[in-house]
Amino acid sequence: MIEIKHHGATSGVTGSCHELSLKMGSDEKRARFSSDPDLGTSPESGVSEQGILIDCGLFQGQDEGREASAADLTIDFPIDHIRALVVTHVHIDHVGRIPYLLGAGFEGPIICSEPSAVMLPEILEDALKIGFTRDRNLIERVLGLIRERMVPVPYGQWYSVFGEGECSLSVRLQRAGHILGSAYVECDARVGDVEERIVFSGDLGAPHSPLLPEPKSPERADRLVVESTYGDRDHEDRETRRDRLRAVLENALADGGTVLIPAFSIGRTQELLYEIEGIIARASGEVKMGSDGKRERFSSDPELTADPELASASEVGASKIDWESLEIVVDSPLAANFTRIYRDLKPFWDAEAQELVKSGRHPLSFEQLTVIESHEDHLNAVDYLAKSHRPCVVLAGSGMCAGGRVVNYLKAMLGDERNDVLFVGYQAAGTPGRDILTFGPRGGWVELDGERYDIRARVHQVGGYSAHAGQSDLLRFVEGIPVAPREIRVVHGDADAKKAFGKLLSKRLPSRILIPAL
């Protein structure tokens, strides 16, 4: 029996964790297999079981029905038979519970792509410091264990997880185009004489996203587990979203306000820097490269923060947009670190990005880019931008405003109508980001750290910069499989998105469409 189980990302978009298990009974016919989720849920006498997990992520916000939250970290399912963990990508909602999986006794390898192997310890170090412990020695022990367990696998290369006896399982990673290192997972499973290929999509990226090649459909999938974050709608095309982004930036230049962009440290921040550099390059005719991509504009040195040339919006001419005066700030040590890693992993960039580098452009390191790392400089930047009329774009985490440095900016700037908040990614139910997006245009309020803050800043959403595929992109991925899967499971989406995408698939394909629930 070849069975798929779900331990997260079914009643919402976070906490992604799926299981593929292979069972063989002593008197079971070898040709028998089943996708019935009710089979094999309890120990059976004489049954041999082995399996893998696909991701083990953290819950964020509120997943309706599951009542899961970031505090729900327990591994509440059996893992004795789990031989390996396969990581699709390093976003926290896909990897955040890995330390707890290790604590529950998991001893197998952690299989991931080569770029993900570079980034996984970095993201988990940050997660451990925030939500696990401040004990440096304990953090280093956990990270050391993770590094020992990691098995980097090149894209397109099969890796045998196990192959003894009547059961065997191999996996292959293919580019998913979501963030650097992201992958969908092809699994070749065999129980006795029965063979089946099962594909887990992970998170799929949108076509024409900056920096990354778009995903190609699998060559085969007997069963498919596919995400549906945007299963009910499409994104704007790249030119439209770039024009909208430019319009928001021009508005900041015109009124001396701050454009605050809540963005995840990995993926979204780097893609936005790439696009902003391109907008500035086209608008000003040239972009000068900074020696190291940072200027200490918000240093703790009071003489620098009091620089009179930064103090007045009158320097921004009303008749002509002065793009050279627009400061781009990345206020996140983690984002700064991952931006450096992205630069080091240029071989995994797409052809367009590599051509820019060859032409002398540096989309992740340009003169107007300032990186803030220390907490003291962060507080100085918040205070300075709240009081000044210096046009500025700030990218800070977390992407859903549920924590991180972006919260201090929101507290200081939401009440000023000169400022703008620009959302470029999905905002899960129960997060401050969803509340700002919902109630901000109505002149409402949001609760941050237990206090209410009125929203007078303008609130925008540019959906095209989501790292997730839109409905048409998802459909193209599925329909590109030469022979339609026998079964498609729609996961990782809000109820409306899953329902809409499932309905669309049922109209277009002969496959059995399932929407699992925990």
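## Around Ser21

Leaving aside residues up to four places away in sequence, Ser21 is in touch with Met1, Ile2, Glu3, Lys5, Glu49, Gln50, Gly51 and His81. This is a predicted model, and Ser21 makes a handy place to begin a tour of it. The residue belongs to strand E2. Is Ser21 buried or exposed? It counts as buried, because its relative accessibility is 0%, and the cut-off for buried is under 20%.

Strand E2 covers residues 17-25, and its partner strand E3 covers residues 47-54. The two are antiparallel and are joined by eight bridges. Across from Ser21, on E3, stands Gly51, a residue that also appears among the contacts of Ser21.

## The mixed sheet

Now step back to the sheet that holds these strands. It is an open sheet of six strands, ordered E1-E2-E3-E4-E5-E6, and its pairing is mixed. At the edges are strand E1 (2-8) and strand E6 (150-152), each of which pairs on one side only. Ignoring direction, neighbouring strands here are turned by 25° against each other on average.

A helix packs on this sheet too: H4, made of residues 136-149, touches strand E5 (110-112) and E6. The direction of H4 makes about 40° with that of E6.

## A buried serine in a helix

Here is another serine to look for: Ser116, which sits in helix H3 (residues 114-131). What does Ser116 touch, not counting residues up to four places away in sequence? Its contacts are His89, Val90 and Gly181. Ser116 counts as buried because its relative accessibility is 0%.

## The parallel sheet

Further along the chain you will meet another open sheet of six strands, in the order E14-E13-E15-E12-E16-E19, with parallel pairing. Strand E14 (369-372) and strand E19 (458-461) form its edges, each pairing on one side only. From one strand to the next, the twist averages 20°.

Within this sheet, E13 (residues 327-331) pairs with E14 in the parallel sense over four bridges. One facing pair to find is Val329 opposite Thr370, the latter in E14.

## Helices on the parallel sheet

Helix H6, residues 268-284, packs on the parallel sheet and touches strand E12 (258-262), E13, E14 and strand E15 (392-396). Its direction makes about 170° with that of E13. Helix H10 (residues 375-387) lies across E12, E13, E14 and E15 as well, running at about 125° to E14.

H6 also packs against helix H8 (residues 333-344), at an angle of about 70° and with the axes 9 Å apart. That angle makes H6 roughly perpendicular to H8, and the crossing of the two is right-handed. Where do H6 and H8 meet? Thr269, Gln270 and Leu273 in H6 meet Ala335, Phe338, Thr339 and Tyr342 in H8.

## How sure is the model?

The protein chain has an average pLDDT of 84, and 85% of the residues score at least 70. Some stretches fare less well. Residues 27-45 stay under 50, and the model gives them 39 contacts beyond four places in sequence. Residues 63-70 are also below 50, with 18 contacts in the model beyond near neighbours in sequence. Where pLDDT is low, the predicted coordinates should not be read in detail.

Notes: Residues are numbered from 1 along each chain as its sequence is written. This is a predicted model: local features need pLDDT of at least 70, side-chain atom pairs count only at pLDDT 80 or more; totals for chains, interfaces and linings use all residues. Side-chain values use heavy atoms; hydrogens and water are left out. Two strands pair if DSSP finds at least two bridges between them. Axes are lines fitted to C-alpha atoms, for helices over the stretch in contact, and angles run from 0 to 180 degrees between N-to-C directions. Contact means heavy atoms within 4.5 Å. Buried means under 20% relative accessible area, exposed over 50%, partly exposed in between (1.4 Å probe, protein chains only). pLDDT is the predictor's confidence in each residue, from 0 to 100. Angles under 35 degrees count as roughly parallel, over 145 as roughly antiparallel, 65 to 115 as roughly perpendicular and the rest as oblique. A crossing is left-handed if the near helix is turned anticlockwise from the far one by less than a right angle, and right-handed if clockwise.
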